[in-house]
Amino acid sequence: MKTINDFNFKDKKALVRVDFNVPQDDQLNVTDNTRIAAVKPTVEKILNDGGSVILMTHLGRPKGEVKNEFSLKNILGEVSSVLGQQVKFVDESIGEKAEKAAAELQPGEILLLENLRFHNEEEKGDEGFAEQLSKLGDAYVNDAFGTAHRAHASTAVIANYFTSTKFFGLLMANELKAIDKVLKSGERPVTAILGGSKVSTKITIIENILPAVDNLIIGGGMAFTFIKALGGKIGTSLVEEDKLPLALEILGKAKEHNVKVYLPSDTIIAESFSNDAERKEVDIYAIPEGWMGLDAGPKSRDQFNDVLLNSRTILWNGPIGVFEMSNFSAGTVALGESIAEATKLGAFSLVGGGDSVAFVKQFGYADKVSYVSTGGGAMLESLEGLELPGVAAINK
């Protein structure tokens with residue numbers, strides 16, 4: 001893996017693709033700076049070498065239109081604060097103004113280019129746009145794992161203009177190493193926890209990870225499709241009727257690979273999808289008519305805990321209950337506790353996917369697991385076994 005540690009950036013301008021697509025409030029203030037903080041080690045390495053950094057990113061979906069709410073000037077203060085120095089800004093990403101700002105950049109300085117997606121050519125993967133961007137730097141660094149699954153001009157095409165000076169940033173390298181640990185090099189037993197609402201969104205992940213894991217915990221809404229396929233009564237719980245045969249097929253494939261599958265045995269049910277609804281604890285195969293399962297029950301939590309404490313490598317993608325509602329968050333909290341405890345005992349734990357990441361941040365588990373992925377779609381496509389365009393561009 002060719003990373004920035006393989007190069008000395010002294011007197012070089014590094015064009016660094018980052019993912020600063022950060023959440024903002026109504027006043028356009030950044031509400032979560034995790035993605036900015038994640039690239040700080042890469043920026044510091046280049047600056048410490050005596051190089052300068054030109055940051056390029058997108059923000060939101062302006063679809064080629066220049067709109068104030070999508071301008072990167074709105075996040076400039078937060079970027080400067082997190083990176084620990086005043087970051088310069090140019091309100092263009094290509095053209096004379098951008099080229100002048102890049103040319104004047106001195107070693108030790110950082111320049112932020114305007115939103116790449118103010119140009120339609122970015123998402124189209126336009127060669128001309130990529131070539132114009134490439135003129136701004138001496139080296140190209142991709143540290144934007146969150147967009148590595150997109151074949152955009154700044155994530156894939158631009159690398160063609162840097163044959164010997166293209167590198168993975170440290171964040172990108174860490175993300176790829178974490179996924180490799182789960183899929184290839186992790187210490188066994190390996191346990192994958194897949195939750196969330198639908199089996200259909202996780203089919204290819206399940207099929208790809210079966211040869212790599214020893215245990216598969218299936219929770220959340222998607223568990224009810226499996227329970228119904230196995231003959232259980234699930235009331236009005238979430239189900240994908242057309243995926244019942246597929247659920248049985250997945251269980252058959254798991255058996256072929258000697259993977260133990262763990263489904264919840266009990267569930268917390270409610271009469272309606274509401275935090276204030278009446279709740280009961282029942283066997284997951286015997287949910288009464290008119291009731292729906294919204295969380296894993298205590299027996300399931302204990303069983304999952306036993307599996308996790310005996311695991312050496314853990315992947316968690318998707319909650320096992322409706323954790324957004326406090327009365328149905330206990331299952332996911334218990335799962336977080338089990339993973340944190342297993343990690344403390346020496347297991348490697350990787351958390352990825354929007355809802356799981358939101359949970360670990362919201363409930364304070366981000367520092368209690370080994371690695372929290374910054375890329376939702378990119379992480380999922382990696383787990384599906386797909387080669388990401390942003391990764392392939394550096395490797396070729």
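Is Ser52 buried or exposed? At 3% relative accessibility, Ser52 counts as buried. This holds for a predicted model.

**Ser52 and helix α2**

Ser52 sits in strand β2. Leaving out residues up to four places away in sequence, Ser52 touches Lys12, Lys13, Ala14, Ile46, Leu47, Leu105, Gln106, Pro107, Gly108 and Glu109. Two of these contacts, Ile46 and Leu47, are themselves buried residues of helix α2.

Helix α2 covers residues 40–49. Its buried residues are Thr42, Val43, Lys45, Ile46, Leu47 and Asp49. The cover over them includes the strands β1 (13–17), β2 (52–56), β4 (110–113) and β5 (139–142). It also includes the helices α3 (76–83) and α7 (170–185). Gly50 comes just after α2 and takes a positive phi of about 100°.

**Ile36 in helix α1**

Ile36 belongs to helix α1, residues 34–38. Ile36 counts as buried, at 0% relative accessibility. Its contacts, not counting residues up to four places away in sequence, are Phe20, Val22, Glu78, Val79, Val82 and Leu83. Phe20 is 16 residues from Ile36 in sequence. In space the two C-alpha atoms are 6.0 Å apart.

**The cavity**

How many cavities of 30 Å³ or more does the structure hold? It holds one. About 50 Å³ of space lies in the largest cavity. The lining is made of Asp19, Arg35, Ala38, Val39, Asp143, Ala144, Phe145, Gly146, Leu171 and Thr374. By class, the lining divides into five nonpolar, two polar and three charged residues. One of the lining residues, Leu171, is also a buried residue of α7.

**Salt bridges**

Side chains of opposite charge can pair when their charged atoms come close. The count here comes to 16 salt bridges. Among them are the three pairs below.

| Pair | Closest N and O atoms |
|---|---|
| Glu122 and Arg17 | 3.5 Å |
| Arg188 and Asp214 | 3.1 Å |
| Asp242 and Lys243 | 3.0 Å |

Take Glu122 and Arg17, which form a salt bridge. Glu122 lies in helix α5 (residues 120–124) and Arg17 in strand β1, so the pair ties together parts that are 105 residues apart in sequence. Both Glu122 and Arg17 are buried.

The salt bridge of Arg188 and Asp214 is a loop-to-loop link. Arg188 lies in the loop between α7 and β7 (190–194). Asp214 lies in the loop between α8 (203–209) and β8 (215–218). The pair therefore ties together parts that are 26 residues apart in sequence. Arg188 counts as partly exposed, at 45% relative accessibility. Asp214 is partly exposed too, with a relative accessible area of 22%.

Asp242 and Lys243 also meet through their side chains. Asp242 is exposed, with a relative accessible area of 58%. Lys243 is buried, with a relative accessible area of 17%. Elsewhere, salt bridges that share partners join Glu207, Glu249 and Lys253 into one network.

**Helices α7 and α12**

Which span would a straight helix of 16 residues reach at 1.5 Å a residue? It would reach 22 Å. The end C-alpha atoms of α7 are only 19 Å apart, short of that value. The buried residues of α7 are Leu170, Leu171, Met172, Ala173, Glu175, Leu176, Ala178, Ile179 and Val182.

Lys181 also lies in α7. Lys181 is partly exposed, with a relative accessible area of 37%. Lys181 touches Gly186, Thr313 and Phe348, not counting residues up to four places away in sequence. Leu388 is 207 residues from Lys181 along the chain, and their C-alpha atoms are separated by 17 Å.

Helix α12 has 15 residues, 330–344. At 1.5 Å a residue it should span 21 Å. Its end C-alpha atoms are 21 Å apart, which agrees. Buried in α12 are Gly331, Thr332, Leu335, Gly336, Ser338, Ile339, Ala340, Ala342 and Thr343. Gly346 follows α12, with a positive phi near 110°.

Definitions and conventions: Residues numbered from 1 in each chain as written. Predicted model: local features only at pLDDT ≥ 70, side-chain atom pairs only at ≥ 80, totals over all residues. Heavy atoms only, no water. 1 Å grid on protein atoms, 1.4 Å probe; cavity = no way out; pocket = protein on both sides within 12 Å on 5 of 7 lines; lining within 4 Å. Points joined across faces, edges and corners; volume = space filled by probe spheres on them. Nonpolar A, V, L, I, M, F, W, Y, C, P; charged D, E, K, R; others polar. Buried < 20%, exposed > 50% of the residue type's maximum accessible area, 1.4 Å probe, protein only. Helix = DSSP H or I, 4+ residues; strand = E, 2+ residues; numbered from the N terminus. Contact = heavy atoms within 4.5 Å. Salt bridge = Lys/Arg side-chain N within 4 Å of Asp/Glu carboxyl O. Expected span 1.5 Å × (residues − 1).
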